Amino acid sequence: MAQRKRVFSGLQPTGNVHVGNYLGALRNWVRLQDDYDCVYCIVDLHAITVEYDPADFARERREAAKVLIACGVDPDRSLFYYQSEVPQHTELAWILGTITGMGQLGRMTQYKDKSESAGANLGLFAYPVLMAADILLYRADAVPVGDDQKQHLELTRDLAVRFNARFGDEFPVPEPIIPEHGARVMSLQNPLAKMSKSDPDEGSRILVLDPPETIKAKVKRAVTDSGKGIRHDWESKPGISNLLEMMSLFTGTPIPDLEAEHGSSGYGAFKEAVAEAVIAGLAPIRAGYAALDDASVDEVMARGAATAREMAEPYQARVRRRIGLSR
Ligand code: AQP
């Protein structure tokens, strides 16, 4: 039997998982489990590159793991663990750092955005190198991500090519898997900016665990456009287009059909229908989450890390040999 291709992806345990993360990345993670050998990771070392609360971090990390399992990441089918518990990630990041240009890192838009608000530090600057190491460590062929990670993935591909040229063919050059729809879910309060965990306005995002009443209130408050009519048109109606996309992704109904059904509705009635669709789409995740207990999640994550360390070590040994650190 042909060997299955491998995918790798990660999620930061900062704040709560929102529908942008879910529609842009996590749904794909879950689906890919049928056809790929999947490695999924809570990238806790990435999360500490910005301000965070150490007293709460272990809990947040576990929360993120629980949400992912509730979304359908299956630790029996996928390798699932916390990044910091597999030290080969950081070792490879250091090695890749030695072939990464400062200029290329300085051009990363996420670094520019975050260093403006959070202040620059070396970890934030080197973040994309650690991300490259996460992916290349397991020789992943593909990476399911939202649109915002394209630039980082481009760097990963460059580093794979550069390493192979300098030290010999070691890394596959990974392809992004970006969904056709949902790759960029926008903020409910500013449909020109992506929905994001770090936006200080909680009304800008719907969390996958938000209770129905909260979802209704957030959608009701969502910024819409002047004029009327429910049409998909990013230029003149970004707010309505964002809601239409979300509704389409949660119901599976194509956007033209939704336009036909709701075209002449008022914004209020349309928003109620959107909220109902989101609530129904997230209900199984809320139920799955409620059924999980902390101790068994801790156990699953510890087991995942042990397997990941075992799998990563022979790969890393090859890298050490190639760069002259061992015979
Ligand atoms: N708005 C979005 N639309 C579609 N996909 C998105 N992703 C993030 N936001 C959207 C995708 O979710 C995955 C996990 O993201 P992450 O937790 O590693 O970090 P991120 O990209 O930095 O996510 P956030 O929520 O936007 O956090 P902040 O506020 O820190 O920037 C990734 O695959 C991402 O593409």
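A nitrogen atom of the ligand lies 2.9 Å from a polar backbone atom of Met-195 in this predicted model. Two further contacts involve side chains: an oxygen atom of the ligand is 2.7 Å from an N or O atom of His-18, and an oxygen atom of the ligand is 2.5 Å from an N or O atom of Ser-198. On its own the ligand has 640 Å² of accessible area, and the protein covers 96% of this. The briefing below treats the ligand site, then a pocket, the cavities and the chain as a whole.

**The shell around the ligand**

- The shell consists of 23 residues, of which Asp-148, Lys-194, Ser-196, Lys-197 and Ser-198 come nearest to the ligand.
- Ser-198 thus appears among the nearest residues, and its side chain also supplies an N or O atom at 2.5 Å from a ligand oxygen.
- Three elements give two or more residues each to this shell, namely strand 1 (6-11), helix 1 (19-32) and helix 6 (109-118).
- Helix 1 makes the greatest contribution to the shell, with four residues.
- Sorted by class, the shell contains twelve polar, six nonpolar and five charged residues.

**The second largest pocket**

- The volume of the second largest pocket is about 430 Å³.
- Its lining comprises 18 residues, and those closest to the centre of the pocket are Ala-93, Trp-94, Leu-122, Ala-126 and Val-129.
- At least two lining residues come from each of helix 4 (88-97), helix 5 (102-106) and helix 7 (122-137).
- Helix 7 provides the largest share of this lining, with seven residues.
- The lining of the second largest pocket has twelve nonpolar and six polar residues, and no charged residues.
- In the shell around the ligand, by contrast, five residues are charged.

**Cavities**

- Four cavities of 30 Å³ or more are found when the whole structure is searched.
- The largest cavity has a volume of about 50 Å³.
- The residues lining the largest cavity are Met-108, Gln-110, Tyr-111, Lys-114, Leu-124, Tyr-127, Pro-128 and His-152.
- Helix 6 and helix 7 are the elements that give two or more residues to the lining of this cavity.
- Helix 6 also gives two or more residues to the shell around the ligand, while helix 7 also contributes to the lining of the second largest pocket.
- By class, five residues of the lining of the largest cavity are nonpolar, two are polar and one is charged.

**The chain as a whole**

- The secondary structure of the chain amounts to 13 helices and five strands.
- The radius of gyration of the chain is 21 Å, close to the 20 Å that the globule rule gives for 327 residues, and the chain is therefore as compact as a globular protein of that length.
- Taken along the principal axes, the box filled by the C-alpha atoms is roughly 70 × 45 × 45 Å.

Definitions and conventions
Residues numbered from 1 in each chain as written. Predicted model: local features only at pLDDT ≥ 70, side-chain atom pairs only at ≥ 80, totals over all residues. Heavy atoms only, no water. Near = heavy atom within 4 Å. Polar contact = N/O pair within 3.5 Å; in protein donor to acceptor, adjacent residues only side chain to side chain. Areas by Shrake-Rupley, 256 points an atom, 1.4 Å probe, with all protein chains shown as cover. Nonpolar A, V, L, I, M, F, W, Y, C, P; charged D, E, K, R; others polar. 1 Å grid on protein atoms, 1.4 Å probe; cavity = no way out; pocket = protein on both sides within 12 Å on 5 of 7 lines; lining within 4 Å. Points joined across faces, edges and corners; volume = space filled by probe spheres on them. Rg over C-alpha atoms; globule rule 2.2 N^0.38 Å.
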